[in-house]
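Hi,

Here is the structure I promised to pass on. Please open it first, then read my notes below.

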Amino acid sequence: MVANAGIGILCKAVEVSLTDWRRQTAINLDGVFLSVKYAVPAMRRSRGGSIIITSSVAGLRGSAGLAGYCATKGGVRLFAKAVAMECAAEGDGIRVNTVHPGIIDTPIWTKLPTSAGSNAPIDPNELARAGVPLGRAGQAQDIANGVLFLASDASSYMTGAELVIDGGMTGGARSRWSLK
Ligand SMILES: NC(=O)c1ccc[n+]([C@@H]2O[C@H](COP(=O)([O-])OP(=O)(O)OC[C@H]3O[C@@H](n4cnc5c(N)ncnc54)[C@H](O)[C@@H]3O)[C@@H](O)[C@H]2O)c1
């Protein structure tokens, strides 16, 4: 089961309305909770399975303007680990892992609503050229490849783990000087 639905709301933490905070939390955090709540019993009936939850690099580190989003993505990261431990203790054959995309070229960037209700004009490719060590945005296929790995038996010894697919974003800073 892949819990992938999510939205992002771009707004300073002190300016975000409670309504927007709750909307983002309802989709990104409650949605994951409900997906897992109903997937686990179904998987137990068929004696195992793999649960994959889409978090983000924003679930690993802070990002200005995305405090609410970070709260949800950090939340699902530890929610996944806790459920992974519960499933391991049950010995039910269910593995639970998170995927952490960096800057991926998908429609989410064209529909990031701000508190004012307008769309923020963000080009993921431009953003990635400046901030991603590999110098480019990822593609949806890059994330799908990781999800397929976690869904398959090739990852049968992984649970409670984080698969980071971010072009090096969380690895460190690209050198700003010549090393030649
Ligand atoms: N694109 C990125 O750079 C990036 C980076 C890190 C994490 N993510 C995460 O990846 C996941 C997929 O996002 P994406 O980039 O493909 O964006 P996207 O906007 O293309 O896809 C998001 C999907 O979530 C669905 N969705 C939104 N609200 C929903 C609701 N209430 N009920 C059911 N479905 C709903 C949308 O219909 C859409 O299909 C999200 O969880 C997002 O936070 C994306």
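**What I found**

Strand β2 (residues 49–54) is mostly covered, with five of its six residues buried. Keep in mind that this is a predicted model.

β2 has a partner on either side. Strand β1 (residues 2–3) runs parallel to β2 and is joined to it by two bridges. Within that pair, Ala3 has Ile53 as its bridge partner. Strand β3 (residues 94–101) also pairs with β2 in the parallel sense, this time over six bridges. There, Ile52 is matched with Asn97, and Ile53 stands opposite Thr98.

Now the connections. β1, helix α1 (residues 18–45) and β2 form a β-α-β unit, and that unit is right-handed. The chain then goes from β2 through helix α2 (residues 67–90) to β3, in a β-α-β crossover that is right-handed. Helix α2 lies across β2, β3 and β4. Its angle to β3 is about 165°.

The whole sheet is open. Its four strands follow the order β1-β2-β3-β4, with parallel pairing. β1 and β4 (162–165) are at the edges and have a single partner strand each, so one side of each lacks a neighbour in the sheet.

Last, the ligand. Which residues come nearest? Of the 14 around the ligand, they are Ala5, Gly6, Ser56, Thr106 and Ile108. How is the shell made up by class? Eight residues are nonpolar and six are polar. No charged residues are in the shell.

Best wishes

Notes. Residues numbered from 1 in each chain as written. Predicted model: local features only at pLDDT ≥ 70, side-chain atom pairs only at ≥ 80, totals over all residues. Near = placed C-beta within 6 Å. Nonpolar A, V, L, I, M, F, W, Y, C, P; charged D, E, K, R; others polar. Buried ≥ 20, exposed ≤ 12 C-beta atoms within 10 Å, placed from the backbone. Pairing = 2+ DSSP bridges. Right-handed = clockwise from strand over helix to strand, strands pointing away. Contact = placed C-beta atoms within 7 Å. Axes fitted to C-alpha atoms, helices over the stretch in contact; angles between N-to-C directions.
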